[in-house]
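Student: I would like a close look at a single part of this model, taken slowly and with the reasoning spelled out. Please start from one residue and then widen the view to its surroundings.

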Amino acid sequence: KLREKWGDALNRPAVRAELKVHARRIARLNHMRRLADEAGKTELVARIDKLLERERNRHQAAMDRLKN
């Protein structure tokens with residue numbers, strides 16, 4: 001799926017590094033969200049959801065910069 005979206009850009013070290021950073025951040029945020037949800041902390045879940053959206057936007061902008 002990544003290859004379809006980003007093509008040959010995946011061969012560049014900077015792109016691979018960005019994907020690694022993004023994957024790690026998303027994994028950590030998802031873990032925090034799950035813990036907050038299990039603890040019933042709805043306000044914290046909402047804050048983490050905003051952070052997830054912010055990270056996705058940051059990643060998309062970084063990938064768009066790197067693709068060109």
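Tutor: In this predicted model, Glu18 has a relative accessibility of 10%, and because the limit for a buried residue is under 20%, Glu18 counts as buried. This residue belongs to helix 2, which covers residues 13-38. Leaving aside residues up to four places away in sequence, Glu18 is in contact with Arg58, His59, Ala62, Met63 and Leu66.

One of these contacts is also a salt bridge: Glu18 pairs with Arg58, and their closest N and O atoms are 2.8 Å apart. The pair links distant parts of the chain, since Glu18 sits in helix 2 while Arg58 sits in helix 3 (residues 42-67), and the two are 40 residues apart. The partners are not covered to an equal degree, for Arg58 has a relative accessibility of 29% and therefore counts as partly exposed, whereas Glu18 is buried at 10%.

A search of the whole structure finds five salt bridges, and two others can be set beside the one just described. Arg33 forms a salt bridge with Asp49, where the closest N and O atoms are 2.5 Å apart. Here Arg33 lies in helix 2 and Asp49 in helix 3, so this pair ties together parts of the chain that are 16 residues apart in sequence. Arg33 is partly exposed, with a relative accessible area of 28%, and Asp49 is likewise partly exposed, with a relative accessible area of 32%.

The other pair stays inside one element: Arg34 forms a salt bridge with Glu38, the closest N and O atoms being 3.2 Å apart. Both residues lie in helix 2, four residues apart, which is about one turn of the helix. Arg34 is partly exposed, with a relative accessible area of 41%, while Glu38, at 58% relative accessibility, counts as exposed because the limit for that class is over 50%. Returning to the starting point, salt bridges that share partners join Glu18, Arg25, Glu55 and Arg58 into one network, and the contact between Glu18 and Arg58 is thus best read together with Arg25 and Glu55.

The wider setting can now be added. The protein chain has three helices and zero strands, and from the N terminus on its elements run α-α-α. Its C-alpha atoms fill a box of roughly 45 × 20 × 15 Å, taken along the principal axes. A compact globule of 68 residues would have a radius of gyration near 11 Å, but for this chain the value is 14 Å. Of the 68 residues, 25% count as buried, and Glu18 is one of the buried residues.

Sequence separation and surface complete the picture. Among contacts between residues at least 6 apart in sequence, 60% join residues at least 24 apart, and the pair of Glu18 and Arg58, at 40 residues apart, links distant parts of the chain. The protein chain exposes about 5400 Å², of which carbon and sulfur atoms supply 52%. As for charge, the chain carries 19 positive and 10 negative charges, and the mean positions of the two sets are 5 Å apart.

Definitions and conventions:
Residues numbered from 1 in each chain as written. Predicted model: local features only at pLDDT ≥ 70, side-chain atom pairs only at ≥ 80, totals over all residues. Heavy atoms only, no water. Buried < 20%, exposed > 50% of the residue type's maximum accessible area, 1.4 Å probe, protein only. Contact = heavy atoms within 4.5 Å. Rg over C-alpha atoms; globule rule 2.2 N^0.38 Å. Areas by Shrake-Rupley, 256 points an atom, 1.4 Å probe, with all protein chains shown as cover. Lys, Arg positive; Asp, Glu negative; His and termini not counted. Charge placed at Lys NZ, Arg CZ, Asp CG, Glu CD. Salt bridge = Lys/Arg side-chain N within 4 Å of Asp/Glu carboxyl O.
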